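Here are some quick notes from a read-through of the model. Have a look at it first, then go through the points with it open.

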Amino acid sequence: MIEARNLTKVFDLSPARAQRALDAADDRAAAVRAAGGVLAVDDVSFSVERGELFVIMGLSGSGKSTVIRMINRLVAPTAGNVAYDGADVGAMTTRQLRELRNRRVGMVFQHFALFPHRTVRDNAAYGLKARGVPKRERLARADRALEQVGLAQRGDAYPGEFSGGMQQRVGLARALTTDPDVLIMDEPFSALDPLTRRSMQDQLLELQREFRKTIIFVTHDLNEAMRIGDRIMVMRNGRIVQLGTGPEIISEPADDYVRDFVSDVDRTRVLTAATVMEPAWVTAALDEDPAPVLARLEDSLGRGVYVTAPDGTIAGVATSGPLSAAVAERRTGLADCLGGDYAAVPDDTPLVGFCHLAGRHAVPLAVVDRGKRLVGVVPRTRVLDAIASAPEDVNAHA
Ligand SMILES: Nc1ncnc2c1ncn2[C@@H]1O[C@H](COP(=O)(O)OP(=O)(O)O)[C@@H](O)[C@H]1O
Ligand SMILES: [Mg+2]
């Protein structure tokens, strides 16, 4: 939906001098600095899918705000371009740009700049006035947006009566009234205390589940990024150092900078069953005969095998006792050998939600996909590794 290609921004230099510095043979940033400019964003490319919650994470000064301002051209790139639904934003007329900013992209900032002397409803409706929406419709839409952010019936209050978190919700409602395709949020929760912040994150995730907006969310907090982001783009000094899902970044940090960030994160909430599982050692199909399955089990040193139905779902677990009995009685198929001594979790379950289940059964914990098909197993040792070891060690097992 949004495609940024080679986005580059130099501040404080004329375009010609900026270009000359950027063409420098080796260190572009140093060349720009030597010429008296700031290389705020340096050759950044990424694309954001429709319905995705895309997080841009980095320390202060890493170029995050400049990147998002280039998306709707509040800042014009020195080089590179942005395509919005395939249309080059740099080639848009003034009118098209206004349409893009007013209707299609909503912005939410750290400080919402609410009008203290206007009601919450008027504040929420503010963006619609500029677009010439009649008053009655403005207020009706504002009320709907206030309801979405959990402020139904509060439209007549004034911002001063609200806590910080509630004021941020009014700001969010303001961005939602225009029903934008894309919501850009620049450190919207950074000024809030940790508890309020968490509840705002929950609220945003809930809104996202319901409305599936495309959201670009800027933060300097990796825990926040991990908690809400479908994918996270980590920036440093104007460049992308890593782009991936939270679990990918945790289990394979691209460099020491990211590893350092990651060391503060609560791994048990970010790592999922899918990221720590390994292929099931031994499995069997329901229509196999007991003898070869028993042989495989004995070779494996395991205490049981997962038996899967033709559709890939788990039919049960066969341990050596029932298998030996079935072999002795020359039975065919495994249907009579199945037991229920196992546990299974969906592949997106965080570590904190399944670590207590590992090691409890004859077979390692099963991981299943949405269709309840067996996709892997988590032996107990693997859970311990994932919690205890440094990221590179987890990676070494992968
Ligand atoms: N309008 C501007 N003029 C000059 N320098 C700027 C301007 N905006 C940002 N910068 C510089 O560009 C760099 C990146 O800033 P910014 O995009 O605001 O980073 P972040 O949002 O990650 O904190 C910083 O060094 C900042 O000082
Ligand atoms: Mg910023």
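The points below cover confidence, domains and the ligand site.

1. Keep in mind that this is a predicted model. The chain comes out well on paper, with an average pLDDT of 90 and 97% of the residues scoring at least 70.

2. Residues 390-398 are another matter, as the pLDDT there is below 50. The stretch still has 16 contacts in the model beyond near neighbours in sequence. I'd be wary of those, because predicted coordinates should not be read in detail where pLDDT is low.

3. On the overall layout, the chain splits into domain 1, covering 2-265, and domain 2, covering 274-397. Taken over C-alpha atoms, the two domain centres sit 43 Å apart.

4. Now the ligand. The shell around ligand 1 includes Phe-11, Asp-12, Val-38 and Ala-40, along with the run from Leu-59 to Thr-66. By type, that shell has 4 nonpolar, 6 polar and 2 charged residues.

5. Which element gives the largest share of that shell? It is α3, with 3 residues. Both α3 (64-71) and β2 (38-48) supply at least two residues each.

6. Oxygen atoms of ligand 1 make several polar approaches. A backbone N or O atom of Gly-61 is 2.7 Å from one, and a polar backbone atom of Ser-62 is 3.2 Å from one. Ser-65 uses its side chain instead, with an N or O atom 2.8 Å from a ligand oxygen. On its own, ligand 1 has 560 Å² of accessible area, and the protein covers 64% of that.

Definitions and conventions: Residues numbered from 1 in each chain as written. Chains lettered and ligands numbered in written order. Predicted model: local features only at pLDDT ≥ 70, side-chain atom pairs only at ≥ 80, totals over all residues. Heavy atoms only, no water. pLDDT = per-residue confidence, 0-100. Contact = heavy atoms within 4.5 Å. Domains from an automatic or database assignment. Near = heavy atom within 4 Å. Polar contact = N/O pair within 3.5 Å; in protein donor to acceptor, adjacent residues only side chain to side chain. Areas by Shrake-Rupley, 256 points an atom, 1.4 Å probe, with all protein chains shown as cover. Helix = DSSP H or I, 4+ residues; strand = E, 2+ residues; numbered from the N terminus. Nonpolar A, V, L, I, M, F, W, Y, C, P; charged D, E, K, R; others polar.
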